[in-house]
Amino acid sequence: MQLSLSDLLPPEVCSLLNPAAIYANNEISLRDVEVYGFDYDYTLAQYADALHPEIFSAARDILIEHYKYPEGIRKYDYDPSFAIRGLHYDIQKSLLMKIDAFHYVQLGTAYRGLQPVPDEEVIDLYGGTQHIPLYQMSGFYGKGPSIKQFMDIFSLPEMALLSCVVDHFLGHGLEFDQAHLYKDVTDAIRDVHVKGFMYQWIERDMEKYILRGDETFAVLSRLVAHGKQLFLITNSPFSFVDKGMRHMVGPDWRQLFDVVIVQADKPSFFTDRRKPFRKLDEQGSLHWDRITRLEKGKIYRQGNLYDFLRLTEWRGPRVLYFGDHLYSDLADLMLRHGWRTGAIIPELEREIRIINTEQYMHSLTWQQALTGLLERMQTYQDAESQQVLAAWMKERQELRCITKALFNAQFGSIFRTFHNPTYFSRRLVRFSDLYMASLSCLLNYRVDFTFYPRRTPLQHEAPLWMDQLCTGCMKTPFLGDMAHIR
């Protein structure tokens, strides 16, 4: 039997973090929330990881059969352990990499194709620094002039395919234009969605691909029972959403929602005022009449947020909208319209279990190292104690590398580099009031619960490291020399 990381914890050690908890970036009282909105894919409907190899293989075959890419690409299969969400791709350099909240490439996490790029080469590629300026790396939706950030869960097979194709071309000495290759792979992935392949796979075997459907039903029913209004805004087509919601909730699922909007074309739905709403009938045919109100039980297509706000008068912080894409789902709603936002981050559950194991390992290391250091300091002179301290810090550096590999061997955690939050983490904090592993986490809280962000100490508020302690406790070269000015 294969053990999980959480199995490494002894039974007497309680978990430090709860994977079923909701985490707050901002204070928010559910008592004040009257209207709940939802995206569909990876929000109301959680999908099994088995979907990713299907997307990868279909897009790979499209590249070969329709874009005339080398047949040798077919030998590559999807590797679920290769990439993580939130990575950046430098199109002109064919470089997939992890960037922190301060725009620095985390060394040891840059790959060209499937091969790691040496740190020295990464620094040389960016003019002698690991730093990438803001104007290069990201616009508002994570797309800079030559660098794209992969933000949604569907991007995992896209990153894997992109890396495999680059690997094949480099391995066989084939010349290629980086921009053409990137666009072809992106278009092939898009075709899998646009041509409906993914919808067909899910509809054929919903038990296999759709997870936690009963929990979605429980969340929606509970909110309605407490007098909340619900709406759905999704880019997916009605027939697909209808089949999925019937599977999870039942044939009367539309009675739970006050407004249902499909094929919304987010994120332009939030910014473009030109597209009007169109009503759909039961067969999915469009009506031509002008929409003057949004009726419960009816289905609408496209439209825009400005008309939505005018017709519903659902404005400001009494609205809470949930989605999985920080840019397409949440950013505009929070910054431009003042809605409260909740991010669905399925990876959170696994990362928390790893963190609990990591914290336990680190606590043992700290205790053992400090005990040994104090014993030596009582016995030996300061110089020898400093050598012990240096050896201990080296040991912790090695442990840090082990910790990265626990999350992902190539890129580590999606939330943190060695010391800093990732670029993904900064966007998560900026664009979401709450974040959680799945909507089912709402079942663990009262509908009038108030969330408060955890008050963590700022860097100047708590002496966390020895070089910040009183110089009388630990002699460090600089602080020791400056002690006379105190």
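The lining of the largest cavity divides into eight nonpolar residues, no polar ones and two charged ones, where Ala, Val, Leu, Ile, Met, Phe, Trp, Tyr, Cys and Pro count as nonpolar, Asp, Glu, Lys and Arg as charged, and the others, Gly among them, as polar. The model is a predicted one, in which local features need pLDDT of at least 70 and side-chain atom pairs count only at pLDDT 80 or more, while totals for chains, interfaces and linings use all residues. Residues are numbered from 1 along each chain as its sequence is written, and side-chain values use heavy atoms, with hydrogens and water left out.

That lining includes L30, Y36, V219, R222 and Y445, and its largest share, three residues, comes from helix α8 (residues 213–225). The largest cavity holds about 70 Å³ of space, and the count of cavities of 30 Å³ or more comes to three. A cavity here is a set of points, on a 1 Å grid over the protein atoms alone, where a 1.4 Å probe fits but cannot get out, whereas a pocket is an open set with protein on both sides within 12 Å along at least five of seven lines; lining residues have an atom within 4 Å of a point. Grid points are joined across faces, edges and corners, and a volume is the space filled by probe spheres set on the points.

An unreviewed UniProt entry lists D39 and D324 under "binding site". They span 286 residues in sequence, yet no two of their C-alpha atoms are more than 7.7 Å apart, so they gather at one spot. Both D39 and D324 belong to the lining of the second largest pocket. UniProt positions follow the numbering used here, feature names are shortened, and annotations may be inferred rather than shown by experiment.

The table places these two residues beside D191, with helices (H or I, at least four residues) and strands (E, at least two) taken as DSSP runs numbered from the N terminus; buried means under 20% relative accessible area, exposed over 50%, and partly exposed in between (1.4 Å probe, protein chains only).

| Residue | Location | Relative accessibility |
|---|---|---|
| D39 | loop between β3 (35–38) and β4 (46–47) | 6%, buried |
| D324 | loop between β15 (319–323) and α12 (326–337) | 6%, buried |
| D191 | helix α5 (residues 178–194) | 10%, buried |

Leaving aside neighbours within four places in sequence, D39 is in contact (heavy atoms within 4.5 Å) with residues including K266, D324 and D329.
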